[in-house]
Amino acid sequence: MMAAPVKATTDGAPSSVQNLTIGKALNLGLRAAMEADDKVLILGEDVGKLGGVFRITDGLQKDFGEQRVLDTPLAESGIIGTAIGLAVRGFRPVCEIQFEGFIFPGFDQIVSQLAKLHYRTQGGVRAPVVIRVPFGGGIGAVEHHSESPESLFAHIAGLKVVSCANPVDAYWMIQQAIRSDDPVLFFEPKRLYHSGALKAPVDTTATPDPLFASRTVRRGSTATLVAYGPSVKVCLDAATAVEEDGTSLEVIDLRSLSPLDLEPVFESVRRTGRLIAVSEAQSESSITSEIAARVQQECFYSLESPVLRVTGFDTPYPPSKLEEHFLPDLDRVLHAVDRALAW
Amino acid sequence: MSSPEQWTHPEPGAGPAATAAEPTPEQVIAGLRATTEGGAELTQLLTPEGERLASSPFDSYVADIDATALCELYRDMVLVRRADREANAMQRQGQLGIWVPLLGQEAAQVGSGRALRPSDMAFPSYREHGVAYTRGIDFRELLGIFRGTDHSSWDFQKHGFHPYTIVIGNQVLNATGYAMGQKFEGKVGDDDGEATIVYFGDGATSQGDVAEGFVWAAVYDAPVVFFCQNNQWAISEPTERQSRLPLYQRARGYGFPGIRVDGNDVLACLAVSRWALDECRHGNGPVLIEAFTYRMDAHTTTDDPTRYRLSDELEVWKHKDPIERVRVHLARTGGADQAFFDDVQAEADRFAAELRDFCFNMPDPPPERIFANVYAESSPALEAQREEYLAYLEGFATEDSLAGSSTGAGER
């Protein structure tokens, strides 16, 4: 990994530390990956001149050229299918899907080719493709712009699925995903892209945590909350809200949805006896179902209450005037905490 | 240009009304024509009767093909057909789970395959056993897929031959991306340029991935030859279920050349493929080739073509056989004598016998193979699942040995 040179600034802080939003951290992470390896390409709709509809690839085509940042024709299967061919040739393509709801024309290529090439060829063919997917709701959008389809991909053997929830992870995880020799679906919490409240100092000379590992982001003893992507912030806010009542909530950011790193969750549940899994996705046959199943298997005698889930409902994503009902919020999370404690 | 009526049924009222069970005579004839006549635009160098035609644009691409070289192409086709027939028979005997016959498509596959250079890359669908053979892949390596011992085993980079792709049309996009990579790496633009060829069928032309492959290749000037083997049938559906137009004409709408070649003429397939690859090497890709051919056998060994096509059609195509026309030509021009043909047949029989022997002795893969190479970097959870299952199997081994020692069954 190329590290930026450290220079003293006027306030004495090293310039390798920058205060970044998630969106800007992703942008700088992509830039660092492209500087480190000239086989890294960016492909997608409007990722070049425009810098992407969310501006995550802003300025990259200008600096790396049209042969490394490709404004593609408008077809998702084409983006992913050609990225696979480029990867077979030795490139490391990073595809941007404009919104999660538009990934499905490319689903066939992801499931039938990307996920299976390595297995099919007994390791002879690697397809290190990263597919960046802005996901989640809360932006008042029309249909297909607010969904959380990550469980569909976590279900597919051969794919790895991760999600970042803060600027430090955004900066490092995207670079780690690009370096991975496996295909990675990279889910980005779109409503937090430009959140000033989440701005955080990112040290580009630091040593990052492993990519496929969960992380305990807040210690607690009363109950455990586990979440990923945009729901991590909801859980942290909930933990803060009940702190002065004496309720101590532990919060775990999954980060990796496939493979799941649940050891820290098991360890936590053995201490707290209670687990609430939070996600914007529909609950049926989802990441949160998987967590519930595995925790009851591993922590059966430690559980003081059943594993509860706070999720989107098992409906299509509603019209945006109803989305605040659909999305897990602080009150619904705390309601679940109350139920768990009262069991 | 072909006349549209070759591709459509007669207008309503043109003859006695048809019923679902009973097509009109006109419909029968129109259907036969549509699937047997390539039309005036068909590029052909060797007629079904073995007569060498002159073709000013393409002769220069096969100027090096003398009688000896033609004998080699003949040998390739005979070996490939013999192996195909052997594999088909082995499926019937329960040694293969399924076989995908290429009978009738030997010229399209050998001609295009022999046009490739080692530095080129080919992306097959799942019927390209003949192309695989031309890329130096041992026919025995194809059997595992159909016997169920592996999904693909050859070294794709060494052979310049991608794994088989079974989902219809997927490989067209993958090949296009690969060709874009060849261009991005600066491997295109002169006589030493690289190119990619991708194989798909008439049915695949209806897939979005094929249309998108055409768009991408055109937009990025990708050095890719789209080699469509129009074998007239997508399982039970004739080409008229996929297109109003002759398929090669689709290229025009995407802005690159399309050409229809007699897919049963190995010389024409070689010449046209060399031309198309040459265009790609020099940066003038992509090119669409429609190889007009015929699937002489079933779609796969599970298929029954008597349910949907006329035996008359098969009889018509037997007269256009890709191997027979080369044999006739070589015999008539003195390019080969009977001893040569006998030698090739004997070699093909030995080839088939070796294939059979190999197939019968293929070991089953060990159970741990299930868990191998799912990822480049495996996960603890998957490793745990593997260990748990292997321990479970190990339990049976222990039980068996215990059972054997207590009852003496092991000694019987």
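This briefing covers backbone features in chains A and B, namely cis peptide bonds and positive phi values. The model is predicted, and every value below is computed from it. In chain A, a cis peptide bond joins A:Ser258 and A:Pro259, while in chain B a cis peptide bond joins B:Gly285 and B:Pro286. Positive phi values in residues other than glycine occur at A:Gln122 and at B:Asp221.

**Cis peptide bonds**

- The bond between A:Ser258 and A:Pro259 is cis, with omega at about 0°, and A:Pro259 sits in the loop that runs between strand E12 (256-258) and helix H9 (263-272) of chain A.
- The bond between B:Gly285 and B:Pro286 is likewise cis, with omega at about 0°, and B:Pro286 belongs to the loop between helix H10 (266-281) and strand E7 (287-292) of chain B.

**Positive phi outside glycine**

- A:Gln122, which is not a glycine, has a positive phi near 50°, and this residue is found in the loop between helix H5 (117-120) and strand E5 (130-135) of chain A.
- B:Asp221, also a residue other than glycine, has a positive phi near 50°, and its place is in the loop between helix H8 (208-219) and strand E3 (224-230) of chain B.

**Surroundings of the positive-phi residues**

- A:Gln122 counts as partly exposed because 15 other C-beta atoms lie within 10 Å, a number between the limits of 12 or fewer for exposed and 20 or more for buried.
- B:Asp221 is also partly exposed, since 17 other C-beta atoms are found within 10 Å.

Definitions and conventions. Residues are numbered from 1 along each chain as its sequence is written. Chains are lettered from A and ligands numbered from 1 in the order in which they are written. This is a predicted model: local features need pLDDT of at least 70, side-chain atom pairs count only at pLDDT 80 or more; totals for chains, interfaces and linings use all residues. Helices (H or I, at least four residues) and strands (E, at least two) are DSSP runs, numbered from the N terminus.
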